[in-house]
Amino acid sequence: MENSGDHQETNVPPVEGVAGGGTAYGWSDTGVNDPRPLRGAIDPTKVPPLELLNVWCMPSTANVGPQDMPRELEPISLLAARNERESIQIAIRPKVSWGGSGIAGTVQVQCTDLCSPCGARLVVGQSVTFRRVVPVLGVPDALVPLDMPVCQLNLFPGETTVFWVSIDVPSEHPPGQYDGEIIISATKAEAESTSQSLSKVEKHQLYRELRDCLDAVEPLEGKPLEEVVERVKSATSSLRRVLLSPSFSDFFSDNGPIDMMEEDAISSLSIRLKISLTVWDFVLPATPSVPAVIGISDTVIEDRFGVEHGSSEWFQLLDQHFKWLLQYRISPYFCRWGNGMRVLTYTSPWPADHPKSDEYLSDPRLAAYAVPYGPLVPCEGTAKDYLRREVEILRTKNHWRKAYFYLWDEPLNVEQYDAIRSMASEIHAYAPDARILTTYYCGPSDAPLASNNFEAFLKVPEFLRPHTQIYCTSEWVIGNREDLAKDIIAEIQTENGEEWWTYVCLGPGDPHPNWHLGMRGTQHRAVMWRVWKEGGTGFLYWGANCYEKATVPSAEIRFRRGLPPGDGVLFYPGQVFSSSQQPVASLRLERLLSGLQDIEYLKLYASRFGRDEGLNLLEKTGMYQGPERYTSEHTPIDVMRGEVYRTCRS
């Protein structure tokens, strides 16, 4: 989406290695072709759908793009614990065209509830959700929600359309096998689009879309030219979505109205995909075993949504983002960047004595939370008074054990290290048991701690002690030398409560695990495998919404220049894709979640058979051996999970 002036860039697949990794488009064409192509006008309600469509399934680690070719259709069989999300992808590619005005045709997708023999259900729209996979810079990444239990999708000639199916199993749900169906039918384009035929919900959605267009272009007087152009582009994009919506399809389609098919017709003229889920009696802990703390830029939110820092709308937006991200087993923190990489971080925007702070910080899904070093909004007294008061209140709470202070990002010289010492000393004067987190990839450049760079890096804990308790190092430093992780851990005084966490950002690059756009799906998921194998007790990521500045919610997303595409961006504003106010997840965020869930499987296995056996399980399945030696296929992941299920379910 970068370079908004050249829209062709969004229509071509990425160049190999454009984001540091393989694009994973390497699925071979299996030769699934129709030897007798249909000719002439086609009525999709009278032709078996397998003559019109190719439909196949792919695992959640596959990057399935518009150029991907068909594979054999097989039933879906999944395994999940309770309190776990498991996902699969369904791909559809038209064999012929039966629509008009540039589309190959329209399909209707339905899904039944997943039911067990004992009568328990995983309900569509609640536990079972559908999202369309939308390319970003030509790479499949954004997951745009679809209305269920029935939705319609337009297919385009020569393009593969993909939707992502997620099943969330509640913690209290009974174990057993759950079965359901996904039903895909080719239909005529919808013709009746008069206001009388629209439902109230459809009318409201159209009204909101048109109102948003008006809001974007009305207040243009006196605005800078760049903002005027951005607002007009946003309004144009929204209007195009409205005009191409099913409500107006009769104006751009040559087909007549859809005939409402009877049940037996749907049965005979539909592709029915069986989906089976085995839920076992392991419950993933509500609190993640490894804290994954991930930053949200509050200034990006303020700019994009046009809210004033500290206003009621500001609190509402931060609240929305916090609650939405908790579903991904991560511990969000908000951040504001200062000079010299100083950073103000906080998990709750409310003061410690506010009921909302207790709600946030007591949430069992939150594994760790950031305490601000200074006030977030103007308040009475000095910054020191604020800090002392906050710490005194938080220390009386049971959740204080989850607290940490993140004060400076990647200090580079003695002056910056001394600033950390000074701030930490002040905090420890009020709370000797406070945990200070420091991220770093080198020692101070102007005070060599050893004869070489890596030795100097190893001496940072000694240099910062006792002013830091969580030493958070870049995976880039370790490279492919996993033995170096042992050297780092040897410098950490775990007996004194010190911890070793890691992070990724613009490095490490391919083939190491990271979350850059265009990397392989297993490369995304392996970020957390690496954390577990190396023995880290926490993980940090600098930003989930750190795209370029914009002043309209629906403005095109541009990744920050100088960074690999996708770095610092794990979700998108919903308004970019529709009228929805909810954030839109990336495939990479879903794979982050899957990696965190994998850690719980490995931890369970290690608790039964020892950590060495857990490491052996990674090795013998071929799932993960090191940062350059891990699976590019999904099968070893299923083998690992299946082995844990087989040996630990009793």
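The following questions and answers concern a predicted model of a single chain.

Reader: What average pLDDT does the chain have, and where does the pLDDT stay under 50?

Author: Of the residues in this predicted model, 83% score at least 70, and the chain averages a pLDDT of 87. Over residues 191-197 the pLDDT is below 50, and that stretch has eleven contacts beyond near neighbours in sequence. A stretch with 78 contacts beyond four places in sequence also stays under 50, namely residues 1-31.

Reader: How many helices and strands does the chain have, and what share of its residues is buried?

Author: Among contacts with a separation of 6 or more, residues 24 or more positions apart account for 76%. The secondary structure comes to 16 helices and 25 strands. Of the 650 residues in the chain, the buried share is 56%.

Reader: Which helix gives the most residues to the largest nonpolar core, and why does this core lie between two domains?

Author: The largest nonpolar core holds 114 residues, and those touching the most other members are Trp280, Trp400, Tyr404, Phe405, Trp515, Leu589 and Val644. Ten of its residues come from one helix, which gives the most to this core. Domain 1 (49-190 + 266-283) and domain 2 (292-586) both contribute residues, so the core lies between them. The helix asked for is H14 (residues 587-609).

Reader: Which residues does Val644 touch, not counting residues up to four places away in sequence?

Author: Val644 is one of the residues that touch the most other members of the largest nonpolar core. With residues up to four places away in sequence set aside, Val644 touches Trp280, Tyr601, Leu604, Tyr605, Leu617 and Arg649.

Reader: How many residues make up the other core that lies apart from the largest one?

Author: Among the members of this other core are Val47, Val107, Ala186 and Leu273. It lies apart from the largest core and consists of 42 residues.

Reader: What is the order of the strands in the open sheet of nine strands, and which are its edge strands?

Author: The pairing in this sheet is mixed, and the order is S15-S14-S13-S21-S20-S19-S18-S17-S16. Two strands pair on one side only. These edge strands are S15 (343-346) and S16 (369-370).

Reader: Which helix packs on this sheet by touching strands S17 and S18?

Author: Strand S17 covers 403-409 and strand S18 covers 436-440. The direction of the helix makes about 155 degrees with that of S17. The helix is H8 (residues 414-430).

Reader: Are the residues on the two faces of strand S21 buried or exposed?

Author: In a regular strand the side chains alternate between the two faces of the sheet. In strand S21 (residues 538-541), Gly538 and Leu540 lie on one side, with Phe539 and Tyr541 on the other. Both faces are covered, and these four residues are all buried.

Reader: Which residues stand opposite Leu540 and Phe539 of S21 in the paired strands?

Author: Strand S13 (residues 292-297) runs parallel to S21 and is joined to it by three bridges. S20 also runs parallel to S21, with four bridges between them. Opposite Leu540 stands Val293, and the bridge partner of Phe539 is Thr502.

Reader: In the open sheet of seven strands, why is one side of each edge strand left without a neighbour, and which strands are these?

Author: The seven strands have the order S1-S3-S10-S7-S8-S23-S22, with antiparallel pairing. Each edge strand has a single partner strand, so one side is left without a neighbour in the sheet. The edge strands are S1 (53-59) and S22 (571-572).

Reader: At about what angle to strand S3 does helix H14 run?

Author: H14 lies across strands S3 (84-94), S7 (128-136), S8 (139-145), S10, S22 and S23. Relative to S3, the helix runs at about 140 degrees.

Reader: Why does Val162 count as buried, and how far is its C-alpha atom from that of Arg132?

Author: Val162 is found in strand S10 (residues 161-169). Val162 counts as buried because its relative accessibility is 3%, against a cut-off of under 20%. Its contacts beyond four places in sequence are Val64, Gln89, Ile90, Ala91, Arg131, Arg132 and Val133. Val162 and Arg132 are 30 residues apart along the chain, and their C-alpha atoms are separated by 6.2 Å.

Definitions and conventions. Residues numbered from 1 in each chain as written. Predicted model: local features only at pLDDT ≥ 70, side-chain atom pairs only at ≥ 80, totals over all residues. Heavy atoms only, no water. Core = buried A, V, L, I, M, F, W, Y, C linked by side-chain atoms within 4.5 Å. Buried < 20%, exposed > 50% of the residue type's maximum accessible area, 1.4 Å probe, protein only. Domains from an automatic or database assignment. Contact = heavy atoms within 4.5 Å. Pairing = 2+ DSSP bridges. Axes fitted to C-alpha atoms, helices over the stretch in contact; angles between N-to-C directions. pLDDT = per-residue confidence, 0-100.
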